[in-house]
Amino acid sequence: MEREHNLVPEDALWKRHLYRIIYRSDTKLGKLFDIILLSLILLSTFIILMESVPKLDKKFHYTFIIMEWIISVVFTAEYWSRIAVVKNKKNYIFSFFGIIDFLALVPFYLSLIFPVTKYFLIFRMLRMLRVFRVFNLMDFMNDGFVIVRALKNSSRKIYIFLLFLIIFSVIVGSLMFMVEGGRPGFETIPQAIYWAVVTVTTVGYGDVSPITPMGKFFAVILMLAGYSIIAVPTGIVTAEMRNKRQNLEKICDRCGNEDIDDDARYCKQCGKKLA
């Protein structure tokens with residue numbers, strides 16, 4: 001994930017000055033810019049929520065539209081300014097924050113043709129992630145990186161677990177279809193599988209329930225199994241996060257490299273022997 005402080009400003013003096021205001025928050029103007037930006041994001045989200053309330057939309061419809069236009073124009077100018085003041089423009093455009101900034105604009109312009117897409121503007125809330133940088137909370141963001149890496153590295157195990165869960169739900173659903181004999185909620189195997197998935201995930205909507213003694217017995221087994229099944233992905237991700245935390249604590253004293261394998265004896269960048 002490309003971080004914003006890795007971007008390089010253009011050579012022009014005014015662009016370097018604007019770069020520091022837009023991308024950094026170590027000056028009064030930079031922090032003020034970020035706070036205003038975050039306030040506009042919250043205001044935009046509030047407008048979207050209120051537009052979904054018929055009474056409020058009917059009363060303040062044109063006010064909401066005008067405010068959306070103003071905020072979207074500001075965001076559009078800010079997005080193009082971010083591109084204009086950096087040398088490595090491609091790195092910003094395809095970076096994590098660059099993609100989020102783009103997604104925050106697209107729904108507004110699509111809504112001019114397809115009005116219903118304006119509700120996708122709720123994606124602007126993702127831009128609130130910059131609050132960690134603005135208020136010097138990057139340690140929290142680093143914790144987020146650990147979670148993302150842990151999920152990515154444990155994805156194969158989770159896929160296998162999901163495959164097992166799908167097979168298990170199909171088998172139990174088919175058995176319930178036979179046991180319940182086509183009673184309400186179990187008229188077809190797909191309906192019985194729906195009940196099995198809802199039950200094994202401990203959601204329990206309560207819209208479908210077995211009637212026969214054998215069906216209730218299977219339901220008890222499935223509900224008890226649900227608690228055990230939920231613990232599996234949690235344990236996988238937690239173990240991976242613990243391993244990642246241990247790896248992050250390994251840092252090369254010479255070059256500061258943090259990408260060090262568990263069994264590494266030497267730094268892969270500078271070759272220094274690790275402690």
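User: Which residues of α3 are buried in this predicted model, up to and including Ile-83?
Analyst: The model is predicted. In α3, the buried set includes Asp-57, Phe-64, Glu-68, Ile-71, Ser-72 and Phe-75. The rest of that set is Thr-76, Glu-78, Tyr-79, Arg-82 and Ile-83.

User: What covers the buried residues of α3?
Analyst: Several other helices take part in the cover. Among them are α1, α2 (28–51), α4, α5 (96–103) and α6.

User: Where does α3 bend, and by how much?
Analyst: Helix α3 covers residues 54–84. The bend falls at Phe-60. Its angle is about 80°.

User: Where in the protein chain is confidence lowest, and where is it highest?
Analyst: The chain averages a pLDDT of 81, and 83% of the residues score at least 70. Where pLDDT is low, the predicted coordinates should not be read in detail. The lowest mean, 62, belongs to helix α7 (residues 131–134). The highest, 93, belongs to helix α3 (residues 54–84).

User: How many helices and strands does the protein chain have?
Analyst: From the N terminus on, the elements run α-α-α-α-α-α-α-α-α-α-α. The totals are zero strands and 11 helices.

User: What percentage of the residues in the protein chain is buried?
Analyst: Buried means under 20% relative accessible area. The chain has 275 residues. The buried share of them is 35%.

User: Among contacts between residues at least 6 apart in sequence, what share joins residues at least 24 apart?
Analyst: The base here is contacts in the protein chain between residues at least 6 apart in sequence. Of these, the share joining residues at least 24 apart is 56%.

User: Which residue in helix α3 forms a salt bridge with Glu-78?
Analyst: Glu-78 lies in helix α3. Its partner there is four residues away, about one turn of the helix. The N to O distance is 2.4 Å. The partner is Arg-82.

User: Are Glu-78 and Arg-82 buried or exposed?
Analyst: The cut-off for buried is under 20% relative accessible area. Glu-78 has 6%, so Glu-78 is buried. Arg-82 is at 0%, so Arg-82 also counts as buried.

User: Which parts of the chain does the salt bridge between Arg-127 and Glu-78 tie together?
Analyst: The two side chains meet at 2.7 Å, N to O. Arg-127 and Glu-78 are both buried. The pair ties together parts that are 49 residues apart in sequence, because Arg-127 is in the loop between α6 (106–110) and α7, while Glu-78 is in helix α3.

User: Which residues are joined into one network by salt bridges that share partners?
Analyst: Glu-78 bridges to Arg-82. Glu-78 also bridges to Arg-127. Salt bridges that share partners make one network of Glu-78, Arg-82, Arg-127 and Asp-101.

User: How far apart are the closest N and O atoms of Asp-11 and Lys-87?
Analyst: Side chains of opposite charge can pair when their charged atoms come close. Asp-11 and Lys-87 form a salt bridge. The pair links the segment before α1 (13–23) to the loop between α3 and α4 (89–93), 76 residues apart. The closest N and O atoms are at 2.9 Å.

User: Are Asp-11 and Lys-87 buried, partly exposed or exposed?
Analyst: Exposed means over 50% relative accessible area. Asp-11 is at 57%, so Asp-11 is exposed. Lys-87 is at 42%, so Lys-87 is partly exposed.

User: Which backbone nitrogen does the side chain of Asn-88 reach?
Analyst: Asn-88 is in the loop between α3 and α4. Asn-88 is buried, at 17% relative accessibility. Beyond four places in sequence, Asn-88 touches Asn-6, Leu-7 and Val-8. The side chain reaches, at 3.0 Å, the backbone nitrogen of Val-8.

User: Which residues does Phe-33 contact, leaving aside neighbours within four places in sequence?
Analyst: Phe-33 sits in helix α2. Phe-33 is partly exposed, at 23% relative accessible area. C-alpha to C-alpha, Phe-33 and Ile-22 are 6.9 Å apart. The contacts are Ile-21, Ile-22, Glu-78 and Arg-82.

User: What span should the 12 residues of helix α10 have, and what is the distance between the end C-alpha atoms?
Analyst: Helix α10 runs over residues 189–200. At 1.5 Å a residue, the expected span is 16 Å. The end C-alpha atoms agree with this, at 16 Å.

Methods
Residues are numbered from 1 along each chain as its sequence is written. Side-chain values use heavy atoms; hydrogens and water are left out. pLDDT is the predictor's confidence in each residue, from 0 to 100. Helices (H or I, at least four residues) and strands (E, at least two) are DSSP runs, numbered from the N terminus. The expected span of a helix is 1.5 Å times one less than its number of residues. A salt bridge is a side-chain nitrogen of Lys or Arg within 4 Å of a carboxyl oxygen of Asp or Glu. Buried means under 20% relative accessible area, exposed over 50%, partly exposed in between (1.4 Å probe, protein chains only). The bend at a residue is the angle between axes fitted to the seven residues ending there and the seven starting there. Contact means heavy atoms within 4.5 Å. A polar contact is a pair of N or O atoms within 3.5 Å; within protein, one must be able to donate a hydrogen and the other to accept it, and residues adjacent in sequence count only if both atoms are side-chain atoms.
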